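Q: Could you take a close look at one part of this model for me, the nonpolar core and the aromatic pair? I'd like the cut-offs spelled out as you go.

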Amino acid sequence: PLRLSSLVDVAWTGPDPALSARIANAWATSFIQYNLERRFEATAYARRFLEQRLEQLRRRLEESERQLVGFASNQAIINVPTGASDQEGRVQERSLTAESLAALNGELARATADRVRAASRLASGAATAESVASPTLATMRQRRAEAAAEYARLMSQFEPGYPPAEALSAQIRQLDQAIAREEARISGSLRSAYQDATRREQQLNAQVEQLKQEFLDQRRRSIQYNIYQRDVDTNRELYNGLLQRYKEIGVAGGVGENNIAVVDTARIPEQPSSP
């Protein structure tokens, strides 16, 4: 921008040339000093007013913060940072109850999925499939088949009372019992898995319902908490804005600047100006 300036000639006439030069220079220096003092006094009232307002706002901010913390402590309202920020750069928070409810809901969803899978395996004959795939059962069935084949061979030659045949018959009965126990164990493990998944789902569902009630109760109590929080935010914004204004009108903000400067100082004349 175009800046206009004016040049002013300061002159002093007297019989002593050195004194005349000093008077002219002293007048310019005094005028600059007067201008600085006038500019300083112009902002002195504003600074004093802002200092008083800053002190009032500081006390108000501290009081509102104490109210907020005291209410949160009395009502057991605990908020944790979410990691996100709002448009003004403030870190957003969420209540610990809400965090716990969200985490528990995730656990409940997984428990429900586990229970559904366990029920599907129990109803779809998975026990038979696992029995077929079991290496233990495969070994026992192989041994029974060999024993049954040997027993049939002996029966083609001897009577049932033949001692080796009786021993094979007893071994076959033992293998049948062992196979039945292993099949029952596999089937029981599937039922046990389903029962465990069902109990876990029921427990988590009860915990979720309890947290829901706590969350709703906390939402009701958070109305007053949010009022205190808004008071804190408002007081902090007012304090920061006034503090910035105070800095702008401070000494470092331009009070020491001057719009008057000496271009040429008066020099002692070498000859008289008159007569």
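A: Happy to; here is the core, with its setting first and the ring pair after it. This is a predicted model, so local features need pLDDT of at least 70 and side-chain atom pairs count only at pLDDT 80 or more, while totals for chains, interfaces and linings use all residues. Residues are numbered from 1 along each chain as its sequence is written, and side-chain values use heavy atoms, with hydrogens and water left out.

The chain has five helices and two strands, where helices (H or I, at least four residues) and strands (E, at least two) are DSSP runs numbered from the N terminus. Read from the N terminus, their order is α-β-β-α-α-α-α. Of the 275 residues, 23% are buried; buried means under 20% relative accessible area, exposed over 50% and partly exposed in between, with a 1.4 Å probe and protein chains only.

Now to the part you asked about. The largest nonpolar core is made of eight residues: Leu61, Leu68, Phe71, Ala72, Ile77, Tyr225, Tyr228 and Val232. Helix 1 and helix 5 (163-248) are the elements that give two or more residues to this core, and helix 1 supplies the largest share, four residues. A nonpolar core here is a set of buried Ala, Val, Leu, Ile, Met, Phe, Trp, Tyr and Cys residues joined through side-chain atoms within 4.5 Å.

Leu68 is a good residue to click on. Not counting residues up to four places away in sequence, Leu68 touches Tyr225, Tyr228, Gln229 and Val232, a contact being heavy atoms within 4.5 Å. A second, separate core has seven residues, among them Leu101, Leu104, Leu108 and Ala111.

As for the rings, a pair of aromatic rings is described by the distance of the centres and the angle of the planes. Rings of Phe, Tyr and Trp (its six-membered ring) pair if their centres lie within 6.5 Å; planes under 30 degrees apart count as stacked, over 60 as edge-to-face and the rest as tilted. By this rule there is one aromatic pair. The ring centres of Phe71 and Tyr228 are 5.6 Å apart and the planes stand at 65°, so this pair is edge-to-face. Because Phe71 lies in helix 1 and Tyr228 in helix 5, the pair ties together parts that are 157 residues apart in sequence. Both Phe71 and Tyr228 are buried.
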